[in-house]
Amino acid sequence: MRRLRNQVRHYHWGSPTAIPRMLGRSPDGRPYAELWLGAHASAPSVVETLTGPVPLDAAIDAAPQEYLGAGVTSRFGARLPFLLKVLAARSPLSLQVHPNARQARTGFAAEEVAGVPRDGATRNYPDPFPKPELLVALGSFDALCGFRPPGEVAQDLGSLSGPLARDLRRELGKSDDAVRGAVSRALELRRSDPGRLLDGFLGECAEQAARGEIPASLRTAMDIACRFPGDPGAAIVPLLHRVSLAPGEALLVPPGRPHAHLGGVALEIMGSSNNVIRAGLTGKHVDPQGVLEVADLSSRPVPWVRPVRDSTCARYPVDYPEFRLDLINGGKDTSIPAHTPAVVLALSGACVLRRSDEELKLERGESAFVTAAGPSVEVRADGRTVLATVGSN
């Protein structure tokens with residue numbers, strides 16, 4: 001068992017108070033967007049060893065069997081396949097999509113051959129790994145995720161008469177590839193006079209809002225457009241499910257599912273990857289063709305994840321081998337099986353880890369990495385504690 005020190009990402013959309021409060025620190029005016037717990041090379045945690053602090057990715061490279069165990073290294077190589085984050089958003093993130101395993105390998109290889117720098121602004125695939133995500137709300141949390149049925153979207157657009165609304169309705173009325181056509185039309189705005197068409201579309205939405213007649217999807221698009229003036233991604237917003245999560249509720253973001261986090265505080269566990277293809281609502285590189293190649297353009301229900309609860313914890317079952325997430329409620333002992341690498345984070349109250357005659361106490365906001373070498377670990381949590389580990393085969 002090794003105590004961790006974790007890195008904070010100070011992105012502009014972050015909350016200045018939520019993560020410092022969890023860590024027991026005083027806010028310093030900066031936005032605290034994400035706390036990363038894991039071995040991703042962009043911001044690896046630092047593990048405390050007998051010889052001093054070492055970045056977790058370097059520690060794993062030096063002793064993969066000790067840190068990950070034979071089972072994990074045989075499946076994923078000498079890398080921790082998941083990344084745990086605490087995410088605190090006070091404004092929306094970009095509209096984006098992540099690749100599946102095949103797309104990640106192909107895209108990474110193509111950009112390597114093309115000589116695109118891995119840290120370049122136009123790079124979509126800095127690594128060859130998929131990025132499924134699971135989001136568990138710690139407070140109220142709002143997001144956009146996946147496409148709504150075309151008929152519902154067309155009905156919301158029915159009272160708008162401008163050219164962009166007409167174009168979107170026409171595409172949505174087609175029997176084949178209705179969503180693809182509407183998304184393609186919205187993405188084309190970057191080349192076909194986005195200002196005139198988008199302003200007209202949003203102006204009609206504002207007129208409806210003033211009369212109190214606007215559908216919720218158009219109000220969301222209008223609100224987001226105010227934060228991203230002139231960004232054509234706002235025209236895609238009405239096509240997407242808006243999801244509001246209460247504390248403890250969870251949302252799966254499979255590869256290919258377009259999504260944007262709108263605001264709130266949540267846990268996020270994902271495949272350890274930085275592959276992102278953006279569709280809009282950002283000042284960063286947007287790749288319309290890349291989005292159409294990767295995105296799941298079918299309309300599907302909201303991918304809720306229902307926790308399996310007992311008196312000890314809530315387990316969030318997903319079908320991805322990279323990760324598993326449990327939220328321990330406190331008041332009872334649980335355990336981490338032998339030969340299982342894990343990240344443990346004390347969200348509230350203290351947490352005590354015991355392995356044989358070794359003991360490690362974590363206070364609120366502190367975390368540890370449990371190495372695979374050795375017997376099972378007993379976990380005693382007084383408050384909420386996060387247990388992140390690798391998924392089943």
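Q: How many bridges join strand S18 to S23, and which way do the two run?
A: Five bridges join strand S18, residues 342-346, to S23, and the two run antiparallel. This is a predicted model.

Q: Which residue in S23 is the bridge partner of Val-344?
A: The partner of Val-344 in S23 is Leu-387.

Q: And S16, how does that pair with S23?
A: S16 and S23 pair in the antiparallel sense, over five bridges. The bridge partner of Leu-325 in S23 is Ala-388.

Q: What stands opposite Leu-325 in strand S15's direction?
A: Tyr-316 stands opposite Leu-325 of S16. Strand S15 (residues 313-316) and strand S16 (residues 324-328) are joined by four bridges and run antiparallel.

Q: What sheet do these strands form, and in what order?
A: Nine strands form an open sheet, and the order is S5-S4-S1-S21-S18-S23-S16-S15-S14. The pairing is antiparallel.

Q: Which are the edge strands?
A: Strand S5 (52-55) and strand S14 (308-309) are the edge strands, as each pairs on one side only.

Q: Back to S23. Are its residues buried or exposed?
A: Five of the five residues of strand S23, residues 385-389, are buried, so the strand is largely enclosed by the rest of the structure.

Q: Which of them point one way and which the other?
A: Thr-385, Leu-387 and Thr-389 point one way from S23, while Val-386 and Ala-388 point the other way. In a regular strand the side chains alternate between the two faces of the sheet.

Q: Helices now. Which residues of H4 are buried?
A: Helix H4 covers residues 69-76, and its buried residues are Gly-69, Val-72, Thr-73 and Phe-76. They cover an arc of only 95° around the axis, which puts them on the same side of H4.

Q: Why would residues a few places apart point the same way?
A: An α-helix has 3.6 residues a turn, so residues three or four places apart point the same way.

Q: What covers the buried residues of H4?
A: The cover includes helix H3 (64-67).

Q: What follows H4?
A: Gly-77 follows H4, and the phi of Gly-77 is positive, near 80°.

Q: How far apart are the end C-alpha atoms of H10, and what span should its residues have?
A: The end C-alpha atoms of helix H10 (residues 216-227) are 17 Å apart. At 1.5 Å a residue, its twelve residues should span 16 Å, which agrees.

Q: Which residues of H10 are buried?
A: The buried residues of H10 are Ser-217, Leu-218, Thr-220, Ala-221, Met-222, Ile-224 and Ala-225.

Q: Different topic: where is there a positive phi in a residue that is not a glycine?
A: Asp-177 has one, of about 55°. Asp-177 sits in the loop between helix H7 (163-172) and helix H8 (178-188). Its relative accessible area is 56%, so Asp-177 is exposed.

Q: What about Ser-356?
A: Ser-356 also has a positive phi of about 55° and is not a glycine. Its place is in the loop between strand S19 (351-355) and strand S20 (358-362). With a relative accessible area of 64%, Ser-356 is exposed.

Q: Which loop holds Asp-357, and is that residue buried or exposed?
A: Asp-357 lies in the loop between S19 and S20. At 78% relative accessibility, Asp-357 counts as exposed.

Q: How far is Asp-357 from Gly-139?
A: The two are 218 residues apart in sequence and 37 Å apart in space, C-alpha to C-alpha.

Q: Last topic, empty space. How many cavities of 30 Å³ or more are there?
A: The structure holds one cavity of 30 Å³ or more. The largest cavity has a volume of about 50 Å³.

Q: What lines the largest cavity?
A: The lining includes Leu-95, Gln-96, Val-97, Phe-147 and Val-183. Strand S7 (residues 95-97) supplies the largest share of that lining, three residues.

Q: And the largest pocket, how much space lies in it?
A: About 770 Å³ of space lies in the largest pocket. The pocket is lined by 36 residues, of which Tyr-11, Asn-274, Val-276, Arg-278 and Lys-284 lie nearest its centre.

Q: Which strand gives the most to that pocket's lining?
A: S11 gives the most, with four residues. Strand S3 (34-37), strand S6 (82-89) and strand S11 (259-271) each supply at least two residues of the lining.

Note on methods:
Residues are numbered from 1 along each chain as its sequence is written. This is a predicted model: local features need pLDDT of at least 70, side-chain atom pairs count only at pLDDT 80 or more; totals for chains, interfaces and linings use all residues. Side-chain values use heavy atoms; hydrogens and water are left out. Two strands pair if DSSP finds at least two bridges between them. Buried means under 20% relative accessible area, exposed over 50%, partly exposed in between (1.4 Å probe, protein chains only). The arc is that of the directions from the helix axis to the C-beta atoms. Contact means heavy atoms within 4.5 Å. The expected span of a helix is 1.5 Å times one less than its number of residues. On a 1 Å grid over the protein atoms alone, a cavity is a set of points where a 1.4 Å probe fits but cannot get out, and a pocket is an open set with protein on both sides within 12 Å along at least five of seven lines; lining residues have an atom within 4 Å of a point. Grid points are joined across faces, edges and corners, and a volume is the space filled by probe spheres set on the points.
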